[in-house]
Amino acid sequence: CHSLDISNAVINAEQAARNMQIYKYGSCDLLVGDGNTAGTLTFSGVLYAPDSVVTVNGGKWWTGSIMVGQIKINGTPNLKIGYDSDLQTYYGPKWKVSRYGEVPSSSFTFPSKLEP
């Protein structure tokens, strides 16, 4: 089992997201740290960890592409994710982003208690 701890890292900030790609195998910990860094860009890249659960306690600001199995957000300000248009041609000429949209959390109703 391989965990990844990027809690205190500033990764490729203010650079093209295509310059940094992280591929994480397995469901072991993917640690992004506690505390509010929503005012500072701390990750710009492609993060592919489809079996990992990410828990954000505080706030984070990332840009690029984030693919994880599950993300849990606790606290405020929460998660700010920006799309880097540099990724439009990242996978070659046959793959392009044709649409991009964000869904505000206010459009969801969350239960006060999750059932097991």
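**Exercise 1. Find the residue of β5 that is the bridge partner of Y23, then work out how β2 and β5 run and what else Y23 and Y48 share.**

*Solution.* Y23 has Y48 as its bridge partner in β5. Please keep in mind throughout that this is a predicted model.

Step 1. Look at the two strands. β2 and β5 run parallel and are joined by 3 bridges. Y48 itself lies in strand β5.

Step 2. Turn to the surface. Y23 and Y48, together with M67, make a nonpolar surface patch of about 320 Å².

Step 3. Check the exposure of Y48. Its relative accessible area is 39%. Buried means under 20% and exposed means over 50%, so Y48 with its 39% counts as partly exposed.

**Exercise 2. List the secondary structure elements of the protein in order, and say which strands pair with β5 besides β2.**

*Solution.* Start with the inventory and then follow the pairings.

Step 1. The protein has 0 helices and 6 strands. Read from the N terminus, the order is β-β-β-β-β-β.

Step 2. Go to β4. This strand runs parallel to β5, and 3 bridges join the two. Within β5, G59 stands opposite N36.

Step 3. Go on to β6, residues 79–82. β5 and β6 pair in the parallel sense over 4 bridges. Here K80 of β6 stands opposite W61.

**Exercise 3. Decide whether G59 is buried or exposed, and place this residue in the fold.**

*Solution.* Take the element, the accessibility and the distance in turn.

Step 1. G59 is found in strand β5, which covers residues 43–74.

Step 2. The relative accessible area of G59 is 0%, so this glycine is buried.

Step 3. Compare sequence and space. T40 is 19 residues away from G59 in sequence, while their C-alpha atoms are 9.8 Å apart.

**Exercise 4. Name the residues of the largest nonpolar core and find which strand gives the most to this core.**

*Solution.* Collect the members, then sort them by element.

Step 1. The largest nonpolar core has 12 residues: I6, I11, I22, L30, V32, F43, L47, A49, V54, V56, W62 and V68.

Step 2. The strand that gives the most to this core is β5, with 7 residues.

Step 3. Pick out V56 and look past its neighbours within four places in sequence. V56 is then in contact with V32, W62, I71, K72, I73 and N74. Two of these names, V32 and W62, also appear in the core.

Step 4. Now visit T42, in the loop between β4 (34–36) and β5. Its relative accessibility is 13%, so T42 counts as buried. Not counting residues up to four places away in sequence, T42 touches A9, V10, I11, T37, W61 and W62. I11 and W62 are among the core residues.

**Exercise 5. In the loop between β1 and β2, examine the phi angles of N12 and E14, and decide whether each residue is buried or exposed.**

*Solution.* Begin with what one expects of the backbone.

Step 1. Most residues other than glycine have a negative phi.

Step 2. N12 is not a glycine, yet its phi is positive, near 60 degrees. E14 is not a glycine either, and has a positive phi of about 65 degrees.

Step 3. Locate both. N12 sits in the loop between β1 (4–5) and β2 (21–23), and E14 is found in the loop between β1 and β2 too.

Step 4. Compare their surroundings. N12 is buried because its relative accessible area is 19%, under the 20% limit. E14 counts as exposed because its relative accessibility is 72%, over the 50% limit.

**Exercise 6. Find which residues H2 touches beyond its sequence neighbours, then widen the view to the contacts and surface of the protein.**

*Solution.* Work from the residue outwards.

Step 1. H2 lies in the segment before β1. With a relative accessible area of 56%, H2 is exposed.

Step 2. Leaving out residues up to four places away in sequence, H2 touches K24, Y25, C28 and D29. D29 is 27 residues from H2 along the chain, and their C-alpha atoms are separated by 7.6 Å.

Step 3. Consider the contacts in the protein with a separation of 6 or more: residues 24 or more positions apart account for 41% of them.

Step 4. Finish with burial and surface. Of the 116 residues of the protein, 30% count as buried. The protein exposes about 7,900 Å², with carbon and sulfur atoms supplying 51% of this area.

Note on methods: Residues numbered from 1 in each chain as written. Predicted model: local features only at pLDDT ≥ 70, side-chain atom pairs only at ≥ 80, totals over all residues. Heavy atoms only, no water. Buried < 20%, exposed > 50% of the residue type's maximum accessible area, 1.4 Å probe, protein only. Core = buried A, V, L, I, M, F, W, Y, C linked by side-chain atoms within 4.5 Å. Contact = heavy atoms within 4.5 Å. Patch = residues over 30% accessible without salt bridge, like charges linked within 9 Å, V, L, I, M, F, W, Y side chains within 5 Å. Areas by Shrake-Rupley, 256 points an atom, 1.4 Å probe, with all protein chains shown as cover. Salt bridge = Lys/Arg side-chain N within 4 Å of Asp/Glu carboxyl O. Pairing = 2+ DSSP bridges.
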